[in-house]
Amino acid sequence: MTGLLRTPPRGLPWFRRGAMTTLHDLEDMFERFWSEGGDGWGAQLLAPAVDMIETDKSIDIRMDLPGVSAKEIDIQVNGNQLTVSGERKVEKEENGKTYHRMERCVGRFSRSMTLPCNVQDDKVDAKYQDGVLKVNLPKSPEATTRHISIKT
């Protein structure tokens with residue numbers, strides 16, 4: 001048998017096809033796992049889930065940020081690049097309590113994405129409710145869809 005996994009599981013980007021056959025493969029797996037700026041799992045612990053929806057007039061972003069205060073969220077638009085960053089604060093541990101599990105991630109996060117077109121950065125609107133950030137990015141006039149009528 002050449003490996004336990006024939007295809008890498010979705011959501012586990014440090015896995016590759018086939019068995020690890022060399023020390024280099026093992027080192028590569030750990031590098032991808034712990035890389036801060038890469039696509040490894042360690043880098044994605046605090047990378048919030050995102051939906052990007054395009055309409056004729058805008059790009060809409062939905063981002064899950066449970067437990068993050070609105071004042072801890074920073075949104076920046078530069079051309080067709082959107083960056084959302086912030087911090088999920090550590091809850092204060094209280095004396096007299098025994099923590100049996102602490103699995104929720106805390107710390108700084110940053111998520112950048114390339115938008116499919118340029119937007120009007122002066123008209124971007126953001127709302128935050130129930131742990132979901134909603135960002136509406138109106139398309140620039142050049143990027144909006146125009147329907148052309150056919151003359152017969």
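**View 1. Three strands make an open sheet in this predicted model.** The strand order is β3-β4-β5, and the pairing is antiparallel. Strands here are DSSP E runs of at least two residues, numbered from the N terminus, and two of them pair if DSSP finds at least two bridges between them. β3 (73–78) and β5 are the edge strands with a single partner strand each, so one side of each has no neighbour in the sheet. From one strand to the next, the twist averages 10 degrees, using axes fitted as lines to C-alpha atoms and angles from 0 to 180 degrees between N-to-C directions.

**View 2. A closer look at β3 and β4.** These antiparallel strands are joined by six bridges. To find one of them, start at Gln76, whose bridge partner in β4 is Thr83.

**View 3. The largest nonpolar core holds 16 residues.** Such a core is a set of buried Ala, Val, Leu, Ile, Met, Phe, Trp, Tyr and Cys residues joined through side-chain atoms within 4.5 Å, where buried means under 20% relative accessible area (1.4 Å probe, protein chains only). Ile61 and Leu137 have the most contacts inside this core. At least two core residues come from each of β2 (58–64), β4 (81–88), β5 (107–114) and β7 (132–138).

**View 4. Ile61 and the residues it touches.** Leaving aside residues up to four places away in sequence, Ile61 has contacts (heavy atoms within 4.5 Å) with residues including Val50, Leu82, Met113 and Leu137.

**Notes on all views.** Residues are numbered from 1 along each chain as its sequence is written. Local features need pLDDT (the predictor's confidence in each residue, from 0 to 100) of at least 70, side-chain atom pairs count only at 80 or more, totals for chains, interfaces and linings use all residues, and side-chain values use heavy atoms, without hydrogens and water.

Terms used:
Buried < 20%, exposed > 50% of the residue type's maximum accessible area, 1.4 Å probe, protein only. Helix = DSSP H or I, 4+ residues; strand = E, 2+ residues; numbered from the N terminus.
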